[in-house]
Amino acid sequence: MSEPIIVLEKLTKHYGKHRGIDGLSFSVDQGEFFGFIGPNGAGKSTTIRTLMGLIHPSGGNASIFGLDCQTKASVIARDVGYLPSENSYYENMKVRELLQYTADLYGRDCETKMYELSERLNLDLTRKIADLSLGNKKKVGIVSAIMTSPKLLIMDEPTSGLDPLIQQAFYDILKEENSRGTTIFFSSHVLSEVQKLCDRVAILKEGKLVGIQSIKELRESGYKKVSITVKTTIPRDFWGLPGIANYTESPDKTSVSFMYNGNITAIIDKLHLLHLDDVLLEEPSLEEIFMHYYE
Amino acid sequence: MVILKYELKRHRTYILGWTIALAVCIFLMTPTYYSFLDVASVELFETMGTTDFYRSVGVSMEYLTSPLGIYGFLTSFFMIASGVFGMHFGISVHTRECTEGTSEYLFTKPFPRKTIYWAKALTVLIGVVVVGAAYLLASFLAMAMFRSGTPWGEFFLIALSLTLVTLFFAAMGLMVGILFPRNRSPLLTAGLVVFVEYCITSFSNIISNRAISFLSPYSFFGAAKISETGFYDMTYLGWGVLLVTLFLVLSYGVFLKKDIQFRS
């Protein structure tokens, strides 16, 4: 079993009376591609900022590489590439100057990787930061985080503002980094990208950890999405089966869809009793599973 | 050193702007005011020199007509500008990270907060020294070129007092910037604080209350007093050093422990 790189133990942060995060406990293993999902305001950035030593927890503790995130933040930072959710950099600098500043701060020669990443992400190094669009500023942050070849990448909502082509290039870069052994902690509310990239995912709701599962397990949790269209109406009490959730029906009650977690034969037996027009049995998206968590 | 280098680069234009402005102004204004002194009648000075305005800025008719009088008088006003510069620089060197949203970039790099603190404090110190040195040099040139018989020892102390006042406000600014990192109007804050401090000195001069004068650095370096005694008032100097130390210790302690503030 791999060593845990990030460990959170009952990590809590309150802003006065306002909730930040409440008793978060989980760990991220070495080499893992770990997703951290939750809607806006769930506490993702608060968790990450506590991990980076930017804010102090109200309770509990967090460690990275076995070092305390509060007292050893600068030592930890040597091997961490961080992409904040906010895309703000020194406006009067040119992109190249800022990336050189990053390299100088890490005391590393990152020129080759800087040019390679900039080319792949189509980032113009000669432009002034102040003149960049939101997406281009995000690219600057991505290159700045990855070019130092860190052991751990912490990325807070990294794809917001990126166009689909660049997003794909970014995913490819992350996959390559991960295959080289870089641990990636990836926060997002875009579930499809977490589904595409991550090994495991932690779901955060109102500052609390709702669940932590591998993407594979999440998909194999047994839920199927069932969509049915019939010639006559389907009475609401027709199914009478346990394991049905998110039940929705059309106004004329000839089309229904729901999530089902139970014996599939029982559903098929029921379907035999209907005058079917169409049946669709499919894997639910992570989003649908996620929404189920949020009910 | 890396952070210091980039901070200096970041604030280069700002420091240069203030340096040129103060140096050019004192260089041009010194001969202008001395020529005014040369043509003005004694009666005019006798009338002006006894008004509360001159008492409030800590000069007298005798002092105004002395070789360093006009220079000391002008420097007392330039200290307002340099005070605004020092305080604004001290505040904004910290608040800019928050208001421009760059704190998450800088504070997540492999440098402890104490290094960041001292790099920023040193940037401000260098800025203050550059402005002060340029002011001193421009003053020296103006006096050497347009005024003979300048007592250079006292001149140096008066010119240096501008740097010391700037340094005082810079240290105060560092503290204010760290305590209120979301301040979006550092220039307004600096202007208000400096103006109030200047008024405190004026008020204490008019009512001749020494206790009140300890509240403002402008009282610590009165040009007339320096010319009279040949050095700074050691009580004021000690008190000033104590306050600056207090500002630095307090700001350092808070900076190490406080949560970083973000723009959003």
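How many of the 295 residues of chain A count as buried? I looked that up before anything else, and the answer is 50%. I should jot down early that I'm working with a predicted model.

**Entry: chain A overall**

I went through the secondary structure of chain A and got 10 helices and 14 strands. Then I checked the extent of its C-alpha atoms along the principal axes, and they fill a box of roughly 70 × 40 × 40 Å.

**Entry: helix H1 of chain B**

Next I turned to H1(B), which has 38 residues. I wanted to know how its span compares with expectation. At 1.5 Å a residue it should cover 56 Å, and its end C-alpha atoms are 54 Å apart, so the two agree. I also looked for a bend along H1(B), and there is one of about 55° at B:His11.

**Entry: transmembrane annotation**

I pulled the UniProt record for chain B. That unreviewed entry places the feature "transmembrane region" at residues 12-34, 68-87, 117-143, 155-180, 187-207 and 236-256. I checked two of these spans against the model. Residues 12-34 of chain B come out as 100% helix and 0% strand, with the end C-alpha atoms 33 Å apart. For residues 68-87 of chain B I get 95% helix and 0% strand, and the end C-alpha atoms lie 27 Å apart.

**Entry: salt bridges**

How many salt bridges does a search of the whole structure find over all chains? I got 23. Side chains of opposite charge can pair when their charged atoms come close.

I started with A:Lys13 and B:Asp259, whose side chains meet in a salt bridge at 2.6 Å, N to O. A:Lys13 is in strand S1 (residues 4-15) of chain A, while B:Asp259 is in the segment after H12 of chain B, so this pair joins two chains. I looked up the accessibility of both A:Lys13 and B:Asp259, and both are buried.

Then I stayed inside chain A. The side chains of A:Glu157 and A:Lys44 meet in a salt bridge, 3.4 Å from N to O. This pair links distant parts of the chain, 113 residues apart: A:Glu157 sits in the loop between strand S7 (152-156) and helix H6 (164-179), and A:Lys44 in helix H1 (residues 44-51) of chain A. Are these two buried or exposed? A:Glu157 has 13% relative accessibility, so it counts as buried. A:Lys44 has 4%, so it counts as buried too.

In chain B, I noted a salt bridge between the side chains of B:Lys120 and B:Glu7, 3.0 Å from N to O. B:Lys120 lies in helix H7 (residues 113-146) and B:Glu7 in helix H1 of chain B, so the pair ties together parts that are 113 residues apart in sequence. Both B:Lys120 and B:Glu7 are buried. I followed the links outward from there and ended up with a network of salt bridges made of B:Glu7, B:Arg10, B:Arg96, B:Glu97, B:Glu100 and B:Lys120.

**Entry: aromatic pairs**

I counted aromatic pairs over all chains and got 43. One of them is A:Tyr101 with B:Tyr6, a stacked pair at 3.9 Å centre to centre, with 20° between the planes. Why does this pair join two chains? A:Tyr101 lies in helix H3 (residues 95-106) of chain A and B:Tyr6 in helix H1 (residues 2-39) of chain B, so the contact crosses from one chain to the other. I checked burial here as well: both A:Tyr101 and B:Tyr6 are buried.

B:Phe220 and B:Tyr236 are stacked too, at 5.4 Å centre to centre and 20° between the planes. They are 16 residues apart, with B:Phe220 in the loop between helix H10 (210-213) and helix H11 (223-229), and B:Tyr236 in helix H12 (residues 234-257) of chain B. Both B:Phe220 and B:Tyr236 are buried.

**Entry: charges over rings**

B:Tyr236 came up again: the charged end of B:Arg210 sits over its ring, 4.6 Å from the centre. In chain A, I found A:Lys270 over the face of A:Phe238, at 5.3 Å from the ring centre.

**Entry: B:Tyr252**

Last, I looked up B:Tyr252, which lies in helix H12 of chain B. Its relative accessibility is 22%, so it counts as partly exposed. I also checked B:Tyr252 against B:Met175, 77 residues apart along the chain, and their C-alpha atoms are separated by 8.1 Å.

Definitions and conventions. Residues are numbered from 1 along each chain as its sequence is written. Chains are lettered from A and ligands numbered from 1 in the order in which they are written. This is a predicted model: local features need pLDDT of at least 70, side-chain atom pairs count only at pLDDT 80 or more; totals for chains, interfaces and linings use all residues. Side-chain values use heavy atoms; hydrogens and water are left out. Rings of Phe, Tyr and Trp (its six-membered ring) pair if their centres lie within 6.5 Å; planes under 30 degrees apart count as stacked, over 60 as edge-to-face and the rest as tilted. Helices (H or I, at least four residues) and strands (E, at least two) are DSSP runs, numbered from the N terminus. Buried means under 20% relative accessible area, exposed over 50%, partly exposed in between (1.4 Å probe, protein chains only). A charge sits over a ring if NZ of Lys or CZ of Arg is within 6 Å of the ring centre and within 35 degrees of the ring normal. UniProt positions are given in the numbering used here, feature names are shortened, and annotations may be inferred rather than shown by experiment. A salt bridge is a side-chain nitrogen of Lys or Arg within 4 Å of a carboxyl oxygen of Asp or Glu. The expected span of a helix is 1.5 Å times one less than its number of residues. The bend at a residue is the angle between axes fitted to the seven residues ending there and the seven starting there.
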